Amino acid sequence: MGSIAKDPREDVIQAWYMDDSDEDQRLPHHREPKEFVSLEKLAELGVISWKLDADNYETDEELKKIRADRGYSYMDFCEVCPEKLPNYDEKIKNFFEEHLHTDEEIRYCVAGSGYFDVRDRDEKWIRVWVKKGGMIVLPAGIYHRFTLDSSNYIKAMRLFVGDPVWTPYNRPHDHLPARKEYVETFVHADGAGRAVNAAA
């Protein structure tokens, strides 16, 4: 049997089930033994991903194609670290509050790294570690949260369809149409949800 080729996205995006410890949120929080989660399983939850050339994001044809195909007309950058983000402590606390958005959350890590935590179908936390070159899309309606890792720095490109709306709806907001649609499409789906895997 030939070996299965490694998915290049795994160099910049890894995921695992989290433990229940309330230690520093910036630690990896692996279970013991470690339980890794495949990018395919993330796709079944609607979380899709790419590995891109973060050193050449201004001219990267693959990024241009993704933006054109998915209608990501708006773009800006967000640097999260104590020196660059006003009201850093308050912002980090807010980011780590479980919430959802009524639109996709698209983040492309061009420097540093950070954790995006998402709920699986059984309400368990999956920690998604995104490093330089990793881009992920969290679907509208998924409960999630963000924190830096122990490096304390990320610079992320934020993309959006049309005018950006960053409003977080802290849990519970199950009555929102975006949440109901997410549950119907991905939580109650038989097998895989209707996400298109970026590697396909």
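In the predicted model, the largest nonpolar core comprises 28 residues. Within this core, the residues with the most contacts are Leu42, Val80, Val118, Ile126 and Val128. When residues up to four places away in sequence are not counted, Leu42 touches Ala15, Val37, Val47, Val118, Ile126 and Val128. Val118, Ile126 and Val128 thus appear both among the residues with the most contacts inside the core and among the partners of Leu42. A second, separate core is made up of 14 residues, including Ile66, Ile106, Val137 and Leu159. In soluble globular proteins, nonpolar side chains tend to be buried together.

With regard to overall architecture, 4 helices and 11 strands are assigned in the protein. The radius of gyration is 16 Å, close to the 16 Å given by the globule rule for 200 residues, so the protein is as compact as a globular protein of that length. Along the principal axes, the C-alpha atoms fill a box of roughly 45 × 40 × 35 Å. Of the contacts with a separation of 6 or more, 75% are accounted for by residues 24 or more positions apart.

Burial and surface properties were also computed. Buried residues constitute 44% of the 200 residues in the protein. The accessible surface amounts to about 10800 Å², and carbon and sulfur atoms contribute 50% of this area. The protein carries 28 positive and 39 negative charges, and the mean positions of the two sets lie 1 Å apart.

Methods: Residues are numbered from 1 along each chain as its sequence is written. This is a predicted model: local features need pLDDT of at least 70, side-chain atom pairs count only at pLDDT 80 or more; totals for chains, interfaces and linings use all residues. Side-chain values use heavy atoms; hydrogens and water are left out. A nonpolar core is a set of buried Ala, Val, Leu, Ile, Met, Phe, Trp, Tyr and Cys residues joined through side-chain atoms within 4.5 Å. Buried means under 20% relative accessible area, exposed over 50%, partly exposed in between (1.4 Å probe, protein chains only). Contact means heavy atoms within 4.5 Å. Helices (H or I, at least four residues) and strands (E, at least two) are DSSP runs, numbered from the N terminus. The radius of gyration is taken over C-alpha atoms; the globule rule is 2.2 Å times the number of residues to the power 0.38. Accessible areas come from the Shrake-Rupley method with a 1.4 Å probe; for residues, only the protein chains shown count as cover. Lys and Arg count as positive and Asp and Glu as negative; His and the chain ends are not counted. The place of a charge is taken as NZ of Lys, CZ of Arg, CG of Asp or CD of Glu.
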